[in-house]
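Ready to work through a structure with two chains? Grab a pencil and try each task before you read its solution.

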There are 2 protein chains.
Amino acid sequence: MRLATVITAARDARGGPATRAAVQSGDRFVLLAAQDLSELLGSAGWREQAAAAVAAAETAGGLPGESIPVSAARFATVLPRPAKVICCGLNYADHIAEMGRELPEYPTLFAKYADTLIGDGEVIDAAGHGARLDWEAELAVVVGAPLKNASPEEASAAIAGYTVANDISMRDWQSRTLQWFQGKAFDRTTPLGPVLVTPDECDPEAGVRVRCLVNGEEVQNGNTRTLVFTAAALLSYISTFTRLSPGDVILTGTPGGVGMGAVPPRFLHDGDVVTTEVEGIGTLTNTVRL
Amino acid sequence: MRLATVITAARDARGGPATRAAVQSGDRFVLLAAQDLSELLGSAGWREQAAAAVAAAETAGGLPGESIPVSAARFATVLPRPAKVICCGLNYADHIAEMGRELPEYPTLFAKYADTLIGDGEVIDAAGHGARLDWEAELAVVVGAPLKNASPEEASAAIAGYTVANDISMRDWQSRTLQWFQGKAFDRTTPLGPVLVTPDECDPEAGVRVRCLVNGEEVQNGNTRTLVFTAAALLSYISTFTRLSPGDVILTGTPGGVGMGAVPPRFLHDGDVVTTEVEGIGTLTNTVRL
């Protein structure tokens, strides 16, 4: 299944654009009752609910209820309110090898808050900081069931699906101290989406391509088959110290090709267009405001 | 004012102990309508509401409505659901000097989640990890109004008050990688409370003593007047990159005397009693389970 949080023509209580959880059926998104995927994944039987909507649409030979064409869909942040967003650094074996480092025994982890997240088409807003913005295209894993002290097998079974993220980083803030957090936690700078693809349709261990383009120029091109810590391994490891809940998001790290690693280092400029792509999932397009 | 989240004789919907926000009047806590201080601080006019309860109690010469004796109060986690818990490391000038380091230009920041928090009297639960647990007594600042891009003066005016925290750290996990997060994010290991004291009754810039005792032996004794980054400076700095909301908690760092710094290093054992104290606020007593 392909799930999304789509923007509808309705307005929310504060006059902003309203959203709805949706599931793809052919060339249309069927709207579900939940306002977004954070709400949908937090409700019991979300898989069955979404599958039933697809089955009903197919059986009817048309689309009962509300739907919108995929080609006309506008996407909000796919998970707008994760309680936890945990990121893994240094996780691509080919990138680690090219840097001449040893493979790590443990995942390097740090946290960000839901306030960092934006959707496809939204502005990466770092105006007024004069910050050194860099790109980090990533596969993101979304938790689909509660997890605590889970084995890798239990963790694997609890994966709701996969989506695309760009862990845009303020390199100057990140290197001000030993801890990366402040360079990773700027509100409204982490694109997430456009859709969530369930594990039956996406297998990162077999390998999917992760790319980043800046103004159309490819700057990153990695493959998840070289991940040192798989999605299930990360969820299992994290769940040993903190419980994970449906809708939580884990960013799995970025392949080689970040701007900071270029000679000389290269950073984003005001107006740059960042395209973030994971094979079989989709593409995020976001413009930088500096 | 002295505010708390107290445990009442009632049961919550899931059969657990129910809690109520409360404000101290003389030797009693007057119960407020809110379930806890996270709910109270999230409601408009919380200061006036609490002050009115105190005034009503004093005017009546007795205590209208529900109240409990301070001596009989049992405290829950003072802020049970902060959206953000942000911690500062390396912030005591005397400790930095004794380590032979330069004073930092920027605060070292990292995040933890609300799931780490426990109240006075609760067990610091790290059973089954064989982890190297260490103590970090800290002054915690609680946000009382929304903050974004705030000056230090605006940040100062938005402080709801101060409380006591112990940023119990799993040193082995903390040092597995460059990022401290995984050693700081174990669920149910960070005592917070017992009460919140408003700024008119507590002035960390003038200096309050911060102490930690293990099984009654004093292991830390610092003073907040040597903080490099004051509470207001930290809130202002953090608010440049992420919005802060009422009920968010900032841990201001720990003075010298942690177990890892001892020769040889010293860690906590199963059954150890950790006492965390900030002058003018109160004391947390928590037992370690390893």
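**Exercise 1.** Work out how many residues each chain gives to the contact between chain B and chain A.

*Solution.* Start with the count: 22 residues come from chain B and 22 residues from chain A, where a contact means that the C-beta atoms, placed from the backbone, lie within 7 Å. Next, look at the elements: on the side of chain B that touches chain A, β6 (108–112) and α6 (181–184) of chain B give two or more residues. (Helices are DSSP runs of H or I with at least four residues, strands are runs of E with at least two, and both are numbered from the N terminus.) The largest share, four residues, is from β6(B).

A word on the model: it is predicted, so local features need pLDDT of at least 70 and side-chain atom pairs count only at pLDDT 80 or more, while totals for chains, interfaces and linings use all residues. Residues are numbered from 1 along each chain as its sequence is written, and chains are lettered from A and ligands numbered from 1 in the order in which they are written.

**Exercise 2.** Find which rotation superposes chain B on chain A.

*Solution.* Superpose by least squares on the C-alpha atoms of residues with pLDDT of at least 70 in both copies. You get a rotation of 180° with 0.0 Å of shift along its axis, and the RMSD is 0.0 Å. That's the relation of a two-fold axis. Now compare the interfaces: 100% of chain B's interface residues are interface residues in chain A too, so the copies meet through the same surface.

Key:
Contact = placed C-beta atoms within 7 Å.
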